[in-house]
Amino acid sequence: MLTTVSFSLMAMAALGGVVAGALGGMRGRGGGVFLGPLLVQGLGVPMPQAVAVSLTTVIATSNAVSGAAGSRALINLRMGFMLDLLTAAGGLLGGVAATLLPQRTLMITFSVVMTLMSLITFLRRDHQNALPEDADIGPWGGRYTDEQTGRLVVYRLERMPVAVGTAFVAGTLSTLLGLGGGVIKVPVLNAWCGIPMRVASTTSAFMIGVTATSGALIYFGRGLLLPTLAAAAVLGVRIGSMIGLRLARIWPPRRLKVMLAVVLLLVAGVMIARLPQ
């Protein structure tokens, strides 16, 4: 277990946080999906401690993205609070399981999840969810004005069992692997539950902070969190999140989906290629 942190390690973690925050801010992910592999494979941080640091950056990304003025208009609070109950429950389960599983198992699970999410994101890159303006949105739907087109977008939550099950699984994998959970929830909500990508991303960004907090407390209680390394990574993530938010408003959803799918697949490949024997 890593017990001391050098200045160079902190600097690399901060730079990695900038990249992770930018990528996470663009698509409502916590950034842990990118920062975790960097800490483990690039900087030699043991997986459990890397997960603990990643979860703290997820909280920072959540605050930055959900607090932005443009994002607040897209967040579906009713849906977010409802799904967060399941996500937080799954997060507690994942935090306990993570301390009992070997590093190799965690890395393989991480790679499998990233590959699946990459395929879903790419295959559904042209998928859109929009209903007629007078459509019934139900208790969990909503409306918003698209900044790029100026058109009113109407949507409703469909396939509730899929959304609820995904929220629980995302919470479990979030604290198990140091993810924000958004990397799982966003593709599923957009592909099969009728939620537009921008709403799924911003609502996920709001939700992941709660999930990460429940898991981070477990790691902190077990002495696995390195405060100085986490502080450096969080600083980088905050800067990167602001960059990601700007790009998200400029780039079309299709381009962001393709880019994310490629990055997720590369991350999975690197993790598998460098599995410990």
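## Packing of helices H6 and H7

In this predicted model, helix H6 (residues 103–123) packs against H7 at an angle of about 130°, and the two axes are 10 Å apart. H6 and H7 are therefore oblique to each other. The crossing in which H6 passes H7 is left-handed.

On the H6 side the contact is made by Leu 106, Thr 109, Phe 110 and Val 113, and on the H7 side by Leu 173, Leu 176 and Leu 177. By character, the residues of this contact divide into six nonpolar, one polar and no charged. An α-helix has 3.6 residues a turn, so residues three or four places apart point the same way.

## Packing of helices H7 and H8

Helix H7 (residues 160–177) also meets helix H8 (residues 182–192): their axes come within 8 Å and cross at roughly 165°. An angle over 145 degrees counts as roughly antiparallel, and H7 and H8 are therefore roughly antiparallel to each other. H7 passes H8 in a right-handed crossing.

From H7, the residues in this contact are Val 162, Ala 163, Thr 166, Ala 167, Ala 170 and Leu 173; from H8, they are Ile 184, Lys 185, Val 188 and Leu 189. The contact of H7 with H8 comprises eight nonpolar residues, one polar and one charged. Leu 173 of H7 takes part in the contact with H8 and is also listed in the contact with H6.

## The surroundings of H8

How many of the 11 residues of H8 are buried? The number is 10 of the 11, so H8 is largely enclosed by the rest of the structure. The buried residues are Gly 182, Val 183, Ile 184, Lys 185, Val 186, Pro 187, Val 188, Leu 189, Asn 190 and Ala 191. Lys 185 is thus listed among the buried residues of H8, and Lys 185 also belongs to the contact with H7. Just after H8, Gly 194 takes a positive phi of about 80°.

A residue from a later helix can be placed relative to H8. Leu 260 is located in helix H11 (residues 253–273) and counts as buried, at 4% relative accessibility. Leu 260 and Val 183 are 77 residues apart along the chain, and their C-alpha atoms are separated by 9.6 Å. Val 183 is itself one of the buried residues of H8.

## Thr 203 and Asn 76

Thr 203 belongs to helix H9 (residues 197–221) and is buried, with a relative accessible area of 1%. Two polar contacts involve the side chain of Thr 203. Within the neighbourhood in sequence, this side chain reaches the backbone oxygen of Val 199 at 2.8 Å. Further along the chain, a polar atom of the side chain of Thr 203 lies 3.0 Å from the backbone nitrogen of Asn 76. Apart from neighbours within four places in sequence, Thr 203 is in contact with Leu 74, Ile 75, Asn 76, Met 79 and Gly 80.

Where does Asn 76 lie? Asn 76 is in the loop between helix H4 (69–72) and helix H5 (77–98). With a relative accessibility of 5%, Asn 76 counts as buried. When residues up to four places away in sequence are not counted, Asn 76 touches Trp 140, Gly 141, Gly 142, Tyr 155, Val 199 and Thr 203. Val 199 is therefore touched by Asn 76, while the backbone oxygen of Val 199 is reached by the side chain of Thr 203.

## Strand S2 and the loop before H7

Val 154 lies in strand S2 and is buried, with a relative accessible area of 0%. The C-alpha atoms of Val 154 and Tyr 144 are separated by 6.9 Å, the two residues being 10 apart along the chain.

Between strand S2 (152–155) and H7 there is a loop that contains Arg 159. Arg 159 has a phi near 50°, which is a positive value in a residue other than glycine.

## The protein as a whole

The protein has 11 helices and two strands. Along the sequence these elements follow the pattern α-α-α-α-α-α-β-β-α-α-α-α-α.

Of the 277 residues in the protein, 55% are buried. Considering contacts between residues at least 6 apart in sequence, 80% join residues at least 24 apart.

How values were computed:
Residues are numbered from 1 along each chain as its sequence is written. This is a predicted model: local features need pLDDT of at least 70, side-chain atom pairs count only at pLDDT 80 or more; totals for chains, interfaces and linings use all residues. Side-chain values use heavy atoms; hydrogens and water are left out. Axes are lines fitted to C-alpha atoms, for helices over the stretch in contact, and angles run from 0 to 180 degrees between N-to-C directions. Helices (H or I, at least four residues) and strands (E, at least two) are DSSP runs, numbered from the N terminus. Angles under 35 degrees count as roughly parallel, over 145 as roughly antiparallel, 65 to 115 as roughly perpendicular and the rest as oblique. A crossing is left-handed if the near helix is turned anticlockwise from the far one by less than a right angle, and right-handed if clockwise. Contact means heavy atoms within 4.5 Å. Ala, Val, Leu, Ile, Met, Phe, Trp, Tyr, Cys and Pro count as nonpolar, Asp, Glu, Lys and Arg as charged, and the others, Gly among them, as polar. Buried means under 20% relative accessible area, exposed over 50%, partly exposed in between (1.4 Å probe, protein chains only). A polar contact is a pair of N or O atoms within 3.5 Å; within protein, one must be able to donate a hydrogen and the other to accept it, and residues adjacent in sequence count only if both atoms are side-chain atoms.
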